[in-house]
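This report describes the strands, the cysteines and the nonpolar core of one protein model. Please keep the sequence and the structure in view while reading.

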Amino acid sequence: MMTQDDMKALLSSLFPGVTFEEGTEWLTMSVEPGGWSVITQQLRHHEDLLLDYMFCLTCIDWKVHLQMVYHLTSTRFRHNLVIKSKLDANKPAIGTCSHIWKTALFHEREVYEMFGVRFEGHPDLRLLILPDGWEGRNPMRKDYDDPVNMIRL
């Protein structure tokens, strides 16, 4: 099994310019959204990584920006990787990874409706849970105005 240091060295050689968080339980890598589509191919298919299972995809609203967070694991090697990508809060967009990890098909739709993130290249980007008429309202955003509950964050 590859150690976190070995994995960090491999990822740094494959993707110059990525950064890593210190003090995390799982190796956590930050990437620019523009390079995400190229990176996903390598993460999934590189013979020493084989990160073939995405078990979590979510978004965080930090008020000044949004952050995509992906949790991946290799069912063969049993190593984990967390990937974060900072998005512009005014026009959040990142490439889809639904063609690499099928679990992203629904997770990306959920993040699209709840946070307004556009997943470029997604084959079916439409509301998943919310009823018609909620397009663009993004109720999980901190700037969402809820006239019923009147909660201010």
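## The sheet and its first pair of strands

Which residue in β2 stands opposite Phe20? The residue is Met29. The model examined here is a predicted one. The strands β1 and β2, the latter covering residues 28-31, pair in the antiparallel sense, and 2 bridges join them.

These two strands belong to an open sheet of 5 strands. Read across the sheet, the order is β1-β2-β5-β4-β3, and the pairing is mixed. The edge strands are β1, at residues 19-20, and β3, since each of them pairs on one side only. As a general background point, side chains in a regular strand alternate between the two faces of the sheet.

## The hairpin of β3 and β4

At the other edge, β3 spans residues 53-61 and β4 spans residues 65-73. Their pairing is antiparallel and extends over 8 bridges. Within this pair, Leu66 in β4 has Asp61 opposite it.

The two strands form a hairpin, with 3 residues lying between them. In the turn, Lys63 has a positive phi of about 70°.

## The cysteines

How many disulfides does the structure hold? The number is 0. In general terms, a disulfide is a covalent bond between the sulfur atoms of two cysteines.

Why does Cys56 form no such bond? The closest cysteine sulfur, in Cys59, is 11 Å from that of Cys56, which is too far for a bond. The cut-off for a disulfide is 2.5 Å between the sulfur atoms. Cys97 is likewise in no disulfide: its nearest cysteine sulfur belongs to Cys56 and is 12 Å away.

Are these residues buried or exposed? Cys56 counts as partly exposed because its relative accessibility is 26%. Cys97 has a relative accessibility of 0% and therefore counts as buried.

## The nonpolar core

In soluble globular proteins, nonpolar side chains tend to be buried together. In this model, the largest nonpolar core has 39 residues. The members that touch the most other members are Leu11, Met29, Trp36, Leu43, Met68, Tyr70 and Val117.

Helices and strands both contribute: α1 (4-14), β2, α2 (36-45), β3, β4, β5 (80-88) and α3 (104-115) each supply at least two residues. The element that gives the most is α3, with 5 residues.

Leu43 illustrates the contacts of one core member. Leaving aside residues up to four places away in sequence, Leu43 touches several leucines, including Leu11, Leu49, Leu50, Leu51, Leu72 and Leu81. Its other contacts include Phe15, Trp36, Ile83 and Trp101.

How values were computed. Residues numbered from 1 in each chain as written. Predicted model: local features only at pLDDT ≥ 70, side-chain atom pairs only at ≥ 80, totals over all residues. Heavy atoms only, no water. Pairing = 2+ DSSP bridges. Helix = DSSP H or I, 4+ residues; strand = E, 2+ residues; numbered from the N terminus. Buried < 20%, exposed > 50% of the residue type's maximum accessible area, 1.4 Å probe, protein only. Core = buried A, V, L, I, M, F, W, Y, C linked by side-chain atoms within 4.5 Å. Contact = heavy atoms within 4.5 Å.
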